[in-house]
Amino acid sequence: MIGRIFRVVRTPITLLILFGMLLYGAWWGYNNIIMPIPALPPEPCVDQSVPKGQLHANQVVVRVYNGGDRKGLAADVGRSLRGKGFRVVLTTNTVEKIQKTVVVGAHDNNPEVLFVKSFFKEAVVRSDQRVDRTVDVLVGNKYGGFRKDAKTTYQVKTTTVCLPSQTPSATPALGG
C-alpha cells in the first residue's frame, strides 16, 4: 500500500523539482543578460624609444576634465595642449569638484606626468597607479593658467619610456 502511494506521488514531486530548477535557470539567465557589459581593462603601456633622451609631446596621451563652474574650460585647455603637440583624446566634465589644476598619472614622478605638469601654473600632481600611462588634467575654478612658453620636449634619463601605444588598437564591436 505504501509502495503504491509512493509511486503515485513520485511523479508530481519530480515534476515540481524540475519546474523549480527551470525557474531558477531562467532567473539566473535573465539576471546575467541584463547585467552591463564589463569595461575592457586598459591596455598596458608599451616601451617606446626616446631618442637623445627627449620625450616629445606627441608621445603623451592626455585627457582633460573640467571640474569647475566655467563652461568650456576643458575644451580650451585641450586645444592649448593640442597646439603644443599632445595627443588629447578626451575633453569632458567630471563630477569631482576641482579648485586648483590637478595632473593625474601612474606615479607622481613619471616623466609624462612631470612633462604635462610643466605646462600648468600652480598644478599639483596625484598618482593612481594606472597601467596605461595616460595623463589626466583636471581643471577647476582656480585654474592657474597655461604656460605657453613651456618646451614641447622633456629631458629624460633613459632611452625608453613606457607610454600608451602609438598605434590605435582595434575597437571590438558590440556583442561580438
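## Strand β7 and its neighbours

V104 stands opposite D136 in strand β7, and this pairing is a convenient place to enter the structure, which is a predicted model. V104 belongs to strand β5, residues 102–105, and three bridges join β5 to β7, the two strands running antiparallel. Another facing pair between β7 and its neighbour is V102, which stands opposite L138.

Strand β7 also pairs with β3, residues 61–66, but here the sense is parallel and the pairing extends over five bridges. Within this pairing, V64 has V137 of β7 as its bridge partner. In general terms, the strands of a sheet pair through backbone hydrogen bonds, and they may do so in either a parallel or an antiparallel way.

## The sheet as a whole

In what order do the five strands of the open sheet lie? The order is β4-β3-β7-β5-β6, and the pairing is mixed. At the edges are β4, residues 87–93, and β6, each of which pairs on one side only. From one strand to the next, the twist averages 20 degrees.

Helix α2 packs on this sheet, where it touches β3, β4 and β7, and its direction makes about 155 degrees with that of β3.

## How enclosed is β7?

Five of the five residues of β7 are buried, so the strand is largely enclosed by the rest of the structure. Its side chains point in two directions: V135, V137 and V139 point one way, while D136 and L138 point the other way, and all of them are buried.

## A network of charged side chains

Side chains of opposite charge can pair when their charged atoms come close. A search of the whole structure finds seven salt bridges, and one of them involves D136, whose side chain meets that of R130 at 2.9 Å, taken from N to O. Are the two partners, D136 and R130, buried or exposed? Both D136 and R130 are buried. Salt bridges that share partners join R63, D128, R130 and D136 into one network.

## Two further salt bridges compared

A second salt bridge is formed by the side chains of E112 and R133, with an N to O distance of 2.8 Å. E112 lies in helix α3, residues 111–117, whereas R133 lies in the loop between β6 (124–127) and β7 (135–139), so this pair ties together parts that are 21 residues apart in sequence. E112 has a relative accessibility of 0% and therefore counts as buried, and R133, at 16% relative accessibility, counts as buried too.

The side chains of R79 and D76 also meet in a salt bridge, at 2.4 Å from N to O, but its setting is a single helix. Both residues belong to α2, residues 73–83, and because they are three residues apart there, they are separated by about one helical turn. R79 is exposed, with a relative accessible area of 52%, whereas D76, at 32% relative accessibility, counts as partly exposed. Taken together, the E112 and R133 pair links parts that are 21 residues apart in sequence, while the R79 and D76 pair spans about one helical turn within α2.

Technical notes:
Residues are numbered from 1 along each chain as its sequence is written. This is a predicted model: local features need pLDDT of at least 70, side-chain atom pairs count only at pLDDT 80 or more; totals for chains, interfaces and linings use all residues. Side-chain values use heavy atoms; hydrogens and water are left out. A salt bridge is a side-chain nitrogen of Lys or Arg within 4 Å of a carboxyl oxygen of Asp or Glu. Helices (H or I, at least four residues) and strands (E, at least two) are DSSP runs, numbered from the N terminus. Buried means under 20% relative accessible area, exposed over 50%, partly exposed in between (1.4 Å probe, protein chains only). Two strands pair if DSSP finds at least two bridges between them. Axes are lines fitted to C-alpha atoms, for helices over the stretch in contact, and angles run from 0 to 180 degrees between N-to-C directions. Contact means heavy atoms within 4.5 Å.
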